[in-house]
Amino acid sequence: MQDEHQVNEEDKLRQALARLGAGASSRSSKPRPLTPTPERRRRFVRDGQVVVEHQGSRGIATRNPSQEDQEEIERLRQSVKREQRRWEEAERSLIDIRAQLKAFETREAHAKIQITELNRELRENQDAIQTLKASLHQAREQAAEAARRAPRPVGRPRKEATPAAVEMAETEVAEQEPVQWWVKA
């Protein structure tokens, strides 16, 4: 970029010198005006300053562009338009990519929050499991201790006999007749 700027400045200086040289030969035939012009002090360009040329104000006639020049100008205009379109497309693409990046960052943040919540819930569930295992182990120990202390009764435990249940059982026994399996009917 800097080199192009320097080359452009050098070309401009050469063109300006060529114009001054061409103008000097045509001016030498003209007599100088008798009115003295105030002498202006020339200032040299310093770093950071921009040189401005006023071509039209000096009375230098601009030449008519030839067909080739016009074609070159049109080609350059088309090239500039293409570059502007490419720049606009790149800008749109950059905006889309930034939007996608923001969406991905949002999704990532939500996923991290969800992972944190799930890890907390997992720890709570693991703590509850450990508590239940300890309670189960304690209950088993208590059951084993109770089994060692009291002997277990053999057989089925008796049902409580209510007066109605006793009466029903007696009527059933009375109604039943023994089956004589050895007698054929």
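**Salt bridges and surface charge**

In this predicted model, a search covering the whole structure identifies 8 salt bridges. Several of these are described below, together with a group of charged residues on the surface.

Among the pairs in helix H2, which spans residues 67–149, glutamate 83 and arginine 86 are joined by a salt bridge in which the closest N and O atoms lie 3.0 Å apart. Because the two residues are 3 positions apart in helix H2, about one helical turn separates glutamate 83 from arginine 86. The two partners fall into separate classes of accessibility: glutamate 83 is partly exposed, its relative accessible area being 43%, whereas arginine 86, with a relative accessible area of 53%, is exposed, the cut-off for that class being over 50%.

A further salt bridge in helix H2 links lysine 112 to glutamate 108, with a distance of 3.6 Å between the closest N and O atoms, a value that lies within the 4 Å limit applied to such contacts. Here the spacing in sequence is 4 residues, so that lysine 112 and glutamate 108 are again separated by about one helical turn of helix H2. Of this pair, glutamate 108 has a relative accessibility of 41% and is therefore counted as partly exposed.

The side chains of arginine 120 and glutamate 124 likewise meet in a salt bridge, for which the N to O distance is 3.1 Å. Since arginine 120 and glutamate 124 are 4 residues apart in helix H2, the separation between them amounts to about one helical turn. Both ends of this contact are partly exposed, with a relative accessible area of 41% for arginine 120 and a relative accessibility of 45% for glutamate 124. Elsewhere, Glu10, Asp11 and Arg14 are joined into one network by salt bridges that share partners.

Apart from these paired charges, a patch of positive charge is found on the surface, where Arg77, Lys81, Arg82 and Arg85 gather. One of its members, arginine 82, is placed in helix H2 and is partly exposed, its relative accessible area being 44%. Because membership of a patch requires over 30% relative accessible area and no salt bridge, the value of 44% computed for arginine 82 satisfies the accessibility condition for inclusion. Helix H2 thus contains both the salt bridge between glutamate 83 and arginine 86 and arginine 82, a member of the positive patch.

Definitions and conventions:
Residues numbered from 1 in each chain as written. Predicted model: local features only at pLDDT ≥ 70, side-chain atom pairs only at ≥ 80, totals over all residues. Heavy atoms only, no water. Buried < 20%, exposed > 50% of the residue type's maximum accessible area, 1.4 Å probe, protein only. Patch = residues over 30% accessible without salt bridge, like charges linked within 9 Å, V, L, I, M, F, W, Y side chains within 5 Å. Areas by Shrake-Rupley, 256 points an atom, 1.4 Å probe, with all protein chains shown as cover. Lys, Arg positive; Asp, Glu negative; His and termini not counted. Charge placed at Lys NZ, Arg CZ, Asp CG, Glu CD.
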